[in-house]
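Here is a short tour of one structure, with a look at its charged pairs and one of its helices. Have the model open as you read.

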Amino acid sequence: MMVYYDLHIHTCLSPCASDDMTPNNIVNMALLKGLDVIAVTDHNSALNVEAVYRIGRKKGLIVVPGIEVQTKEEVHVLCYFYSVEECIKFSEIIDKNMTKIKNNKTIFGKQIIMDDEDREIGEVENLLLVSSNFTISEIFQYIEGRGAAVPAHVNRGSYSIISNLGFIPNIKNLSTIEISKSTDKKVFLKEHPECKKYRIISSSDAHHLGYISEREEFLPCDLSLKSIVDWLCGC
């Protein structure tokens, strides 16, 4: 089965995302574009995951609970979970292990928490664009058995595992990597033949509604949350 996806979308909780990235707007745009599954992956927080997940269930769109964690090495790792509860629990752990710097809304924008009717119910006061105290290895250790961890936009020159470390470490539960939407997979693998052993996904990293992916990329798995996360785990 072909499951069309975009597994890297930011809501208005992420300070660099548009305020139009509300739970309902994201789900409706994904459906307009013909997607079967999306993932919400805000920076270091899952406070908008539950709202998007509930809307997706009502409208027939699978929403994978996720977070984009910034590690101690300043590497972005996409963390996907089998359940909203596990994702929120992880979010709380990340929050307790981040440097607390007050967000400057003028520079970074608001960090808006919303309910499933797109009502603003709060704001995160501390900046989410900071590194956590966890290393890449520690993130993968925690995720094992709870979901899948995927190094984000590995082809980029910043906040990627290749740019910051120079290589991809040998981590036993690392099965999938993400390349940027605009990247040609064949060209990337020619430049990085060592990555041929990984499954590769390509998502939008959307911070604005129009950037959400079209019905182009697909996963060869069943249309269920478990099957999607299992595939990302390499199962």
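Is Arg 156 buried, partly exposed or exposed? With a relative accessible area of 28%, Arg 156 is partly exposed (buried means under 20%, exposed over 50%, partly exposed in between, with a 1.4 Å probe and protein chains only). Its salt-bridge partner Asp 205 is buried, at 18%.

A word on the ground rules: this is a predicted model, where local features need pLDDT of at least 70, side-chain atom pairs count only at pLDDT 80 or more, and totals for chains, interfaces and linings use all residues. Residues are numbered from 1 along each chain as its sequence is written, and side-chain values use heavy atoms, leaving out hydrogens and water.

A salt bridge here is a side-chain nitrogen of Lys or Arg within 4 Å of a carboxyl oxygen of Asp or Glu. By that rule there are 14, including these:

| Pair | Closest N to O |
|---|---|
| Glu 86 and Arg 146 | 3.6 Å |
| Lys 100 and Asp 95 | 3.2 Å |
| Asp 205 and Arg 156 | 3.4 Å |

Asp 205 and Arg 156 sit 49 residues apart and link distant parts of the chain. Glu 50, Arg 54 and Asp 116 are joined into one network by salt bridges that share partners.

Now for helix H2, residues 49-59 (helices are DSSP runs of H or I, at least four residues, numbered from the N terminus). Val 49, Ala 51, Val 52, Ile 55 and Gly 56 are buried there. They lie on the same side of H2, because they cover an arc of only 165° around the axis, taken from the directions from the helix axis to the C-beta atoms. On the other side, Arg 57 and Lys 58 are exposed.

Conventions. Helix = DSSP H or I, 4+ residues; strand = E, 2+ residues; numbered from the N terminus.
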